[in-house]
Amino acid sequence: MCKNNEDFMRKAIHLSVENIDQNGGPFGAVIVKNGEVIATGVNRVTSNNDPTAHAEVNAIREAAKKLGHFDLSGCEIYSSCEPCPMCLGAIYWARLDKLFYANSKSDAKDIDFDDSFIYDELDLPLEKRKIPTKQMLRTEAMVAFNKWKDKEDKLEY
């Protein structure tokens with residue numbers, strides 16, 4: 001049974017090691033609320049053919065489903081590795097209170113999990129990014145945004 005931060009991190013690390021033998025990547029995550037593990041996740045990118053199936057995202061999905069809410073305020077996440085940009089974004093969107101990680105993004109880069117190109121791309125103007133990007137039909141798309149803005153009974157997130 002986990003009792004403190006180090007125990008929760010050890011669980012995330014254990015999941016990352018175990019996942020390698022289950023055709024997954026070397027990443028694990030644990031979400032805790034009030035000192036109890038409420039969700040875990042491992043990297044299933046290659047086994048699920050899903051580029052978004054990172055450990056943190058999978059743990060967030062499980063926690064939100066278990067708690068019945070998208071807002072995970074009051075929870076903390078323990079990740080076996082410093083989250084990539086996608087996972088970090090998901091952690092912020094889920095409103096997790098704290099993030100703890102073990103391996104660094106530099107450690108991940110050393111074993112060919114290098115996310116630095118994404119950080120670099122985000123700093124570039126659109127016209128200089130590797131994936132050609134062009135805004136179009138904004139006026140038509142604004143209909144949905146204006147409808148949302150005016151909706152009185154919306155659930156904010």
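Here are some questions and answers on aromatic pairs, salt bridges and burial in this predicted model.

Q: Why is the pair of Phe8 and Tyr78 called tilted?
A: The ring centres of Phe8 and Tyr78 are 5.3 Å apart, with the planes at 45 degrees. Pairing needs centres within 6.5 Å, and planes under 30 degrees apart would be stacked, over 60 edge-to-face. The angle of 45 degrees fits neither class, so the pair is tilted.

Q: What makes Phe8 and Tyr78 a pair that ties together parts 70 residues apart in sequence?
A: Phe8 belongs to helix α1 (residues 5-20), while Tyr78 belongs to strand β3 (residues 75-81), so the contact ties those two parts together. Both residues are buried, and Phe8, Tyr78 and Phe100 form one aromatic cluster.

Q: Why is the pair of Phe27 and Phe113 called edge-to-face?
A: Their planes stand at 90 degrees and their centres are 4.9 Å apart. Since an angle over 60 counts as edge-to-face, the pair earns that name. This pair also links distant parts of the chain, 86 residues apart: Phe27 is in the loop between α1 and β1 (28-33), and Phe113 is in the loop between α5 (105-110) and α6 (116-123).

Q: How do you know whether Phe27 is buried or exposed?
A: Its relative accessibility is 13%, and buried means under 20%, so Phe27 counts as buried.

Q: What makes Phe113 partly exposed?
A: Phe113 has a relative accessible area of 35%. Partly exposed lies between the cut-offs of 20% and 50%, so the label fits Phe113.

Q: How do you know that the charged end of Lys105 sits over the ring of Tyr119?
A: The charged end of Lys105 is 4.5 Å from the centre of the Tyr119 ring. The distance limit is within 6 Å, and the charge must also be within 35 degrees of the ring normal; this contact is listed as sitting over the ring.

Q: What makes Lys151 and Asp153 a salt bridge?
A: From N to O the gap is 2.8 Å, and the cut-off is within 4 Å, so the two side chains qualify. Lys151 is partly exposed at 37%, whereas Asp153, at 61%, counts as exposed.

Q: What makes Glu6, Asp7 and Arg10 one network?
A: Salt bridges that share partners join these residues. Arg10 meets Glu6 with the closest N and O atoms 3.7 Å apart, and Arg10 meets Asp7 at 3.9 Å. Glu6 and Arg10 both lie in helix α1, 4 residues apart.

Terms used:
Residues are numbered from 1 along each chain as its sequence is written. This is a predicted model: local features need pLDDT of at least 70, side-chain atom pairs count only at pLDDT 80 or more; totals for chains, interfaces and linings use all residues. Side-chain values use heavy atoms; hydrogens and water are left out. Rings of Phe, Tyr and Trp (its six-membered ring) pair if their centres lie within 6.5 Å; planes under 30 degrees apart count as stacked, over 60 as edge-to-face and the rest as tilted. Buried means under 20% relative accessible area, exposed over 50%, partly exposed in between (1.4 Å probe, protein chains only).
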